[in-house]
Structures are given as structure tokens and as C-alpha cells.
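I opened this notebook to keep a record of what I looked up in a structure that was new to me. The entries follow the order in which I went through it.

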Amino acid sequence: IGDMPDFATSTIHVAADGSEPQLHVCHAGANVRLNEFDIVWNRRRERPRAPEDASPFDTAIIEEEFFNHCDNMLHLLGRIRKTVNCPVRQKRADRKAVQLFIAGQVGFDTMPTLFTNDVDRISEFHAHNAPLIAKPHRQHGWTDGDRSFNALTFDLSLPAESDRWSIEACPLIVQKKVVRTMEVRLISFGGRIFAAKTVDAEGVVDSRMETMNNGFATIEAITPPDAISKKCIAYLERMEIEFGAFDFIVDQDGRWVFLECNE
């Protein structure tokens, strides 16, 4: 989808007789009929981008129309083929607040969490749960000349009055901080479990960029406790999805604390 419309075209043909719709994608000279596949892997999608030579007045419209076109294709495939994960259930399973609620229901350890842009609520939460960390719903990046910046997890102190405008302008996910010994990425798919741990440098709040920058050298395959594996499978069943990539923190007492599940 990220190659549309620059390098790929796509067509949906819905006949008037109720027969199965036909879906085609043409890319680099190849014409692929999507109906030929039994299972569709619905991985994280990039939003379509307008061609660089498109008029700036048209860019937003082109991208919105292509997004809706591609969304039509995905949801239609979800009705006529096995799709992992189902696009309707995927969207719900991607909501972080829903994830934490379901995680608590299946018995995972979770941390008290706020989703808010209310400074007063954060201050009250800080009084009962400090120290805190904060993070965005999605990883974001900015560039300034040759430098790049990423919005990841960071320590959050008691907000000052001077912070009010920026917090009210953009909501945060705020959680009680966990002192960790390692992070674990666990994949659950088709009833099978695969897990790996990463040991972080002291004082690092979010290991993602550090792990990628060192070539994933700190990652090691592990076997998770049976109780954790069973809860992961129960979580996917409750969410009605087949695939999940779970993130955990293991604290100094050996507790596996649920962070999120990427659908």
C-alpha cells in the first residue's frame, strides 16, 4: 500500500450478481489477482503517499482517497478470505486502553495508567504513583537538518504550570514506572509461543532505539513461564485475533509486567 499510487495500481470489481468480488494489484509489470490467495497477512500498513509531482492543493485528497480505496480492499478481503488479523478486530485490538483492560481481565500484571491531556489529572496521579513514565500512542519522528529526533518513552516529573499548554495540546499515556531487569518480546501465533529478551544499559528508559542501533546484539531467545504463555493465548482469544506481539518488562522481583500487544 505504501507503493500506491507511485508504483502500483489496484482494482476492485464488484459484480451486480452477488458473485465474489475480484481484486487485482499491478506492480512492476506483474498483475496479481488477490482472490488466488487463501490467507491474507494483514501487517501494519503505511498510509499511501501522493506522488511528489502532485499539486500541493491535491495531495491531501489523493492520499485520503487512496487510503479509503485500500481500506476497501482490506475489509473486502476480510470478508472473503481468512485474514490475519481480521481488520475489524485488528482496529479494536490496536487501542492501548483496550489492551490494558483485556490484559487485566486475563490475569496479567499491569501498571496504573492514564490516557489524558489533563494536567491536573496527571498531577493527582503523580501524587499517588510516582515515579512516572510517559509515551505517545505511536512512535513519531522529526528531522532538523542532519539530525533526527524520536518520541519514545521518557521519565515524567510533576508537571509545571509552564507545561500545561503542551500537555493539553497533545494527550499522553502516563504510567507508573517499573524498575526492570529486562524486556521481553513474545510472539503468539497459532497457539505457538516464541520469546526473546533484551538486557538494557543502566538508566535507559526505552530500549527500542538502543537495541536497533547495536544490531540486536543484546537479544537472546528464552522460554517464558507456562503461566505467561497461557495468558497470552487467552488474551488473543478474548481479543478474537490470531497473532500478537507482546511486550513485557520483567521487574526486580521477577514479575512479568504487560506493556502492550501489537496486533
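Entry 1, Glu260. I began with Glu260 in this predicted model, and asked whether it is buried or exposed. Its relative accessibility is 14%, and because buried means under 20%, Glu260 counts as buried. I found its place in strand E16, and I noted that its side chain is joined to that of Lys96 by a polar contact of 3.5 Å. When I left aside the neighbours within four places in sequence, I found Glu260 in contact with Lys96, Gln99, Ala245, Phe246 and Asp247.

Entry 2, helix H3. Two of those partners led me to helix H3, residues 96–105, in which Lys96, Gln99, Leu100, Ile102 and Ala103 are buried. I then looked up what covers these buried residues, and the cover includes helix H2 (87–93), strand E6 (113–116), strand E11 (172–176), helix H7 (226–239) and strand E16 (256–262). Val98 also has its place in helix H3, but at a relative accessible area of 27% I recorded Val98 as partly exposed. Beyond residues up to four places away in sequence, Val98 touches Arg92 and Met239; the C-alpha atoms of Val98 and Met239 are separated by 9.2 Å, although their positions lie 141 residues apart along the chain. Just after H3, I noted that Gly107 takes a positive phi of about 105°.

Entry 3, the nonpolar cores. I next asked which residues have the most contacts inside the largest nonpolar core. That core has 23 residues, and the ones I was looking for are Phe108, Val184, Tyr235, Phe246, Phe248 and Phe258. At least two residues of this core come from each of H3, strand E12 (180–189), H7, strand E15 (243–251) and E16, and H7 gives the largest share, with five residues. Apart from this core I found another, of 10 residues, among them Val119, Leu132, Leu172 and Val174. As a general point, I reminded myself that nonpolar side chains tend to be buried together in soluble globular proteins.

Entry 4, aromatic rings. A search of the whole structure gave me 12 aromatic pairs. In one of them, Phe108 and Phe246 have ring centres 6.2 Å apart and planes at 50°, so I entered the pair as tilted. Phe108 sits in the loop between H3 and E6 and Phe246 in strand E15, so far along the chain that 138 residues separate them. Phe108 counts as buried at 6% relative accessibility, and Phe246 is buried with a relative accessible area of 0%. The rings of Phe246 and Phe258 have their centres 6.4 Å apart and their planes at 70°, so this pair is edge-to-face. With Phe246 in strand E15 and Phe258 in strand E16, the pair ties together parts that are 12 residues apart in sequence. I also noted that Phe108, Tyr235, Phe246, Phe248, Trp256 and Phe258 form one aromatic cluster.

Entry 5, cysteines and the whole chain. I asked how many disulfides the structure holds, and the count is zero. Cys70 is buried, with a relative accessible area of 2%, whereas Cys170 is partly exposed at 48%. For the protein as a whole I wrote down seven helices and 16 strands, and 36% of its 263 residues count as buried.

Key: Residues are numbered from 1 along each chain as its sequence is written. This is a predicted model: local features need pLDDT of at least 70, side-chain atom pairs count only at pLDDT 80 or more; totals for chains, interfaces and linings use all residues. Side-chain values use heavy atoms; hydrogens and water are left out. Buried means under 20% relative accessible area, exposed over 50%, partly exposed in between (1.4 Å probe, protein chains only). Helices (H or I, at least four residues) and strands (E, at least two) are DSSP runs, numbered from the N terminus. Contact means heavy atoms within 4.5 Å. A disulfide is a pair of cysteine sulfur atoms within 2.5 Å. A polar contact is a pair of N or O atoms within 3.5 Å; within protein, one must be able to donate a hydrogen and the other to accept it, and residues adjacent in sequence count only if both atoms are side-chain atoms. A nonpolar core is a set of buried Ala, Val, Leu, Ile, Met, Phe, Trp, Tyr and Cys residues joined through side-chain atoms within 4.5 Å. Rings of Phe, Tyr and Trp (its six-membered ring) pair if their centres lie within 6.5 Å; planes under 30 degrees apart count as stacked, over 60 as edge-to-face and the rest as tilted.
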